[in-house]
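Me: Could you take a close look at one part of this structure with me? I'd like to hear about the aromatic rings and what lies around them.

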Amino acid sequence: MDRTVRTVEDVLALLDGLFTSESEAGRLATGDGKDFWDRFYADRSRPVPFFVAKPDENLAAYLDQGLIAPGRALDLGCGPGRNALYLASHGFEVDAVDLSPSAVAWGKERAHEAGVDVRFLCGDAFALPAAELSGPYDLVVDSGCFHHLPPHRRVSYLALLGRVLAPGGHLALTSFAAGDGGMGSELADSDLYRERELQGGLAYTPESLRWIFSNLVEVELRRMREEPPESALFGVTFLWTGLFRRGAAASGDVGPGDDVA
């Protein structure tokens, strides 16, 4: 008989365990997904659009419009570093973190080839020591990490933002869009725990994103714009893109109920 729960982190780890086995159909059913993502990135020949070293169109637009400016940046779930490399080439000091050793190795190769300096970290952003992700960061970029988290890890996500995002700093987020035949599961949070499967990622509505990040200031929230294959930018319409700003006097957690505006 095990009695393992004593802290909030124990509860989160217990809930993580609901999503760590393979489903009967052989699909990944984990919120962590380290082994899956390492296999995924190990095959660089996959015809995956976001394998190409193109930055997100919204990220380029934010910079072009002066909504963000060079500073310290953190790329969460960086993959092989396409957004991290773009930011580094535009004067940002970039830390980039991913669970997959294969993705991080690929990103380091790309950075060397491009002649840019990116500090790549391999590991779980929620578990890395504070000394590794020390902040404060003027920009946190998340292009596809958030929508692969189980619901309880939103608590960890908001806590991480509260710790590392600088007052006045920005979160640049992309996530699966609900409706219109988009990608991602639209099951209610409670049903995900009954199914014990994340079904490839979670879809969000604008209202749900506004509620989750309600103590950040919304700068922009829209569909990602479609980019043609020949474009230098990445863009698909099944994603939401959002830019949120932290209040200038922010401190601590940025979850609902904390006044950071």
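**Aromatic rings around helix 2**

Reply: There are 15 aromatic pairs in this structure, which is a predicted model. Take F40 and Y41 to begin with: their ring centres sit 5.4 Å apart and their planes are at 90 degrees, so this pair is edge-to-face. F40 is buried, with a relative accessible area of 13%, and Y41 is buried too, at 7%.

F40 also pairs with F51. Here the ring centres are 5.4 Å apart and the planes make an angle of 80 degrees; since anything over 60 counts as edge-to-face, that's the label this pair gets. The pair links distant parts of the chain, with F40 in helix 2 and F51 in the loop between helix 2 and helix 3, 11 residues apart. F40 and F51 are both buried.

Now zoom out a little. F40, Y41 and F51 belong to one aromatic cluster along with W37, F50 and W106.

Two of those names, Y41 and W106, turn up again where helix 2 meets helix 5. On the helix 2 side you'll find K34, D38, Y41 and A42, and on the helix 5 side P101, S102, A103 and W106. Sort the residues of this contact by type and you get five nonpolar, one polar and two charged. The two helices, residues 34-42 and 101-114, pack with their axes 7 Å apart, at an angle of about 40 degrees. Helix 2 and helix 5 are therefore oblique to each other.

How values were computed
Residues are numbered from 1 along each chain as its sequence is written. This is a predicted model: local features need pLDDT of at least 70, side-chain atom pairs count only at pLDDT 80 or more; totals for chains, interfaces and linings use all residues. Side-chain values use heavy atoms; hydrogens and water are left out. Axes are lines fitted to C-alpha atoms, for helices over the stretch in contact, and angles run from 0 to 180 degrees between N-to-C directions. Helices (H or I, at least four residues) and strands (E, at least two) are DSSP runs, numbered from the N terminus. Angles under 35 degrees count as roughly parallel, over 145 as roughly antiparallel, 65 to 115 as roughly perpendicular and the rest as oblique. Contact means heavy atoms within 4.5 Å. Ala, Val, Leu, Ile, Met, Phe, Trp, Tyr, Cys and Pro count as nonpolar, Asp, Glu, Lys and Arg as charged, and the others, Gly among them, as polar. Rings of Phe, Tyr and Trp (its six-membered ring) pair if their centres lie within 6.5 Å; planes under 30 degrees apart count as stacked, over 60 as edge-to-face and the rest as tilted. Buried means under 20% relative accessible area, exposed over 50%, partly exposed in between (1.4 Å probe, protein chains only).
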